[in-house]
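Here's a quick walk through a structure, starting with its cysteines and moving on to the overall fold, one helix and the nonpolar cores. Have the viewer open as you read.

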Amino acid sequence: MALSFEKYLRTQKMPHIWCPGCGHGIVTQAIIRAIDELGLNTEKIAIVSGIGCSSRAPGYLNFDTLHTTHGRAIAFATGIKMARPELKVIVITGDGDAAAIGGNHLIHAARRNIGLTVVCFDNNIYGMTSGQYSPLTPVGSFASTAPYGMLERPFDLCELVVGAGGTFAARSTTYHARHLVNVIKEALTHNGFSFVDALSQCPTYYGRRNKLRTPLDMMNWFRDHAVPVSTWEKMPPEEREGKFPIGVIKKVDAPEFSEVYSGLIEKVRERGDE
Amino acid sequence: MASEQRKVAMTGNEAVANALRQIDPDVVAAYPITPQTDIVQYFSQFVSDGQVKTEFVTVESEHSAMSATVGASAAGARAMTATSSQGLALMWEMLHIASSYRLPIVMPVVNRALSGPINIHCDHSDTMGSLTTGWIQIYSESAQEAYDNVIQAVRIAEHPDVLLPVMVCQDGFITSHGIENLEILADEDVKQFVGEYKPSNYLLNIKEPVTFGPLALQDYYTEFKVQQAEAMANAKKVILEVAEEYAKLSGRKYGLFEGYRLDDAERVIVVLSSTAGTTKAVVDELRSKGQKVGLLKPRVIRPFPAEELVDALSGAKAVAVMDRAETFSTQGGQIFTELRAAFYYAKERPLMRNYIFGLGGRDTTTREIHKVFSDLENDLERGHVEKLVTHLDVRE
């Protein structure tokens, strides 16, 4: 039976604000599908966002949602998880939100291994404020603040999370819509901090400036440049040039922080300390 | 002799961006935020096109934008940035650093409501929240005023008796995105007016090493603050001197406030920025019916021109102060409480009441202004104010 989206959406909030051809709807539906297919109790899910195009998603999602300030979604979500460890806490963020203004929160959540699932709607541009370059904008590509091409080197967000001690990092794209659902499902079932770099297209502010005239061109670009992680690992460096891996890039088990913290409380109580 | 001015049609943001272009600061550091983004966006184009020599720094947050601006200014550069709302809130820590280092930074601010709930439209909660940061604050009614104020702000900030940072505010969307006719000065006239920036103490002067922001505890902290307060007091005179010089150049005269049909006015509205324009239309309408009404539009509220405002309102019988931000003090908005306090020692005190209005961009039209004047009329008949603080145009 086809998935009925109505129960997961605040349909009265439609139409949404995203531009025609924007990939954010695909990522949002992937999150819904993942939740539905895992049969998660929607009463036990909290969805948190910051500011930006991506962060509008929770406004349309019929869950307990918290729309916070620019860059701080992970910090707010950390508070929720610590206060209510039994909740599944999902953070919806963007590349500007998570990697620029809120980058510090991302690396520390990864380091702590706190049980949040962060889905970054990564369109490598500041869409909401009309196309300034972000820390994910590729070198040489054009943005409103990079009229001669981007000079700065971008982050690899999965590598950043792994480097910060993250226990789960994965990547997919809006072209690989089914794969994206599977990756988010794995992230949601990981016990600890899980990060999904969901590449999404911004035809309005990125595609038009970068010879990817239509949303389809942008999605085809994802198709042509994404490499499954198993293949990626066998590729020599010269073949990796211009490509990127998709799939689960890192998954290891480590104690989840809110559990570690609860354990400490138990231990201290047992000892009878004040 | 000033060259001829150019008549242009521009938004408030574009006008301010052009003021920045003409000032040609050494460094601009910025982060995008609605509705300010246009200013630095236009400016980045000027940088790309080689119309300015500015080093343009794109940063990863407003905290970093102000930090980079502080660093550049301390190093001896003429440094600027621009922001709105949450961006200003995120800068809060660095606002104090800028003013206490006595750095003459000029920052256009496009007024926008603070979260939450999330809102991108105009009110003054952002800059009203930063009144205690040691920055001079100038408010603009129109794109023309925003443009003129930014140019004057450079001279005010850099004056040796002042050396304080300045925010130049305009109303988000209403002014920032509305296209108006205005006159802009010739590039060479602005260049001459602002002059070359010659800081007296700066980090890159290696012949005379200095320290910014050292530790000063019980021993010297107080003296630093007293000096800042004295500089703020000095600013009042400097603002008027700069305005006078600017009037000679531009033909446009500015003061600490603007009085509109105020001389014999019995009922007066005090309001900042774009709403003053709406109020002027109502004043004209009521005046044509023989009613003695007027407007007082403060231009500068840091420093707060207490004596001047009291003097200007000395003939008024009933005054409505309209604040575009809640303070949650329960005693009214910021301008109201300060103006009311200023009247404490005055011989004659008018009836005075407060309206909190236009929050989160709620439209304030001539209809609401009519209501305020009519409330004042009723108060005069009654002999006392009906209500100290009123939230204007609220859903029942």
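C122(B) counts as buried, because its relative accessibility is 1%, under the 20% cut-off. Keep in mind that everything here comes from a predicted model. So what about disulfides? Over all chains, the structure holds 0 of them. C122(B) is in no disulfide, and the nearest cysteine sulfur, that of C169(B), sits 10 Å away. C19(A) is in no disulfide either, with the sulfur of C202(A), the nearest cysteine sulfur, at 6.4 Å. That distance is not within the 2.5 Å that a disulfide needs. C19(A) is partly exposed, at 34% relative accessible area.

Here are four residues with their accessibility values.

| Residue | Relative accessibility | Class |
|---|---|---|
| C122(B) | 1% | buried |
| C19(A) | 34% | partly exposed |
| I107(A) | 28% | partly exposed |
| D224(A) | 40% | partly exposed |

Now for chain A as a whole. It has 11 helices and 8 strands. Its radius of gyration is 19 Å, close to the 19 Å that the globule rule gives for 274 residues, so chain A is as compact as a globular protein of that length. The C-alpha trace spans about 65 × 45 × 35 Å along the principal axes. Of the 274 residues in chain A, 51% are buried. If you like contact maps, take the chain A contacts with a separation of 6 or more: residues 24 or more positions apart account for 68% of them. The accessible surface of chain A is about 12700 Å², and carbon and sulfur atoms own 54% of that.

Which residues of helix α8 in chain A are buried? In this helix, residues 215–225, they are M218(A), M219(A) and F222(A). These three lie on the same side of α8(A), because they cover an arc of only 95° around the axis. The general background is simple: an α-helix has 3.6 residues a turn, so residues three or four places apart point the same way. And what covers the buried residues of α8(A)? The cover includes α1 (24–38) plus the strands β5 (168–173), β6 (194–199), β7 (226–228) and β8 (244–251), each from chain A. D224(A) is also found in α8 of chain A, but D224(A) counts as partly exposed, at 40% relative accessibility. Measuring C-alpha to C-alpha, D224(A) and L87(A) are 38 Å apart in space and 137 residues apart in sequence.

Over in helix α5 of chain A, residues 103–112, you'll find I107(A). At 28% relative accessibility, I107(A) is partly exposed. Leaving out residues up to four places away in sequence, I107(A) touches L160(A) and A164(A). Its C-alpha atom is 27 Å from that of L40(A), and the two residues are 67 apart along the chain.

Last stop, the nonpolar cores. In soluble globular proteins, nonpolar side chains tend to be buried together. The largest core here has 53 residues, and the members that touch the most others are I23(B), I136(B), Y147(B), V150(B), I151(B) and L182(B). Take I136(B) as a worked case: beyond residues up to four places away in sequence, its contacts include I156(B), V162(B), L164(B), V166(B), M167(B), M232(B), A235(B) and I239(B). R302(B) and P303(B) are also among the residues that I136(B) touches. There is a second, separate core of 45 residues, with L95(B), A98(B), V268(B) and F343(B) among its members.

Methods:
Residues are numbered from 1 along each chain as its sequence is written. Chains are lettered from A and ligands numbered from 1 in the order in which they are written. This is a predicted model: local features need pLDDT of at least 70, side-chain atom pairs count only at pLDDT 80 or more; totals for chains, interfaces and linings use all residues. Side-chain values use heavy atoms; hydrogens and water are left out. A nonpolar core is a set of buried Ala, Val, Leu, Ile, Met, Phe, Trp, Tyr and Cys residues joined through side-chain atoms within 4.5 Å. Buried means under 20% relative accessible area, exposed over 50%, partly exposed in between (1.4 Å probe, protein chains only). Contact means heavy atoms within 4.5 Å. Helices (H or I, at least four residues) and strands (E, at least two) are DSSP runs, numbered from the N terminus. The arc is that of the directions from the helix axis to the C-beta atoms. The radius of gyration is taken over C-alpha atoms; the globule rule is 2.2 Å times the number of residues to the power 0.38. Accessible areas come from the Shrake-Rupley method with a 1.4 Å probe; for residues, only the protein chains shown count as cover.
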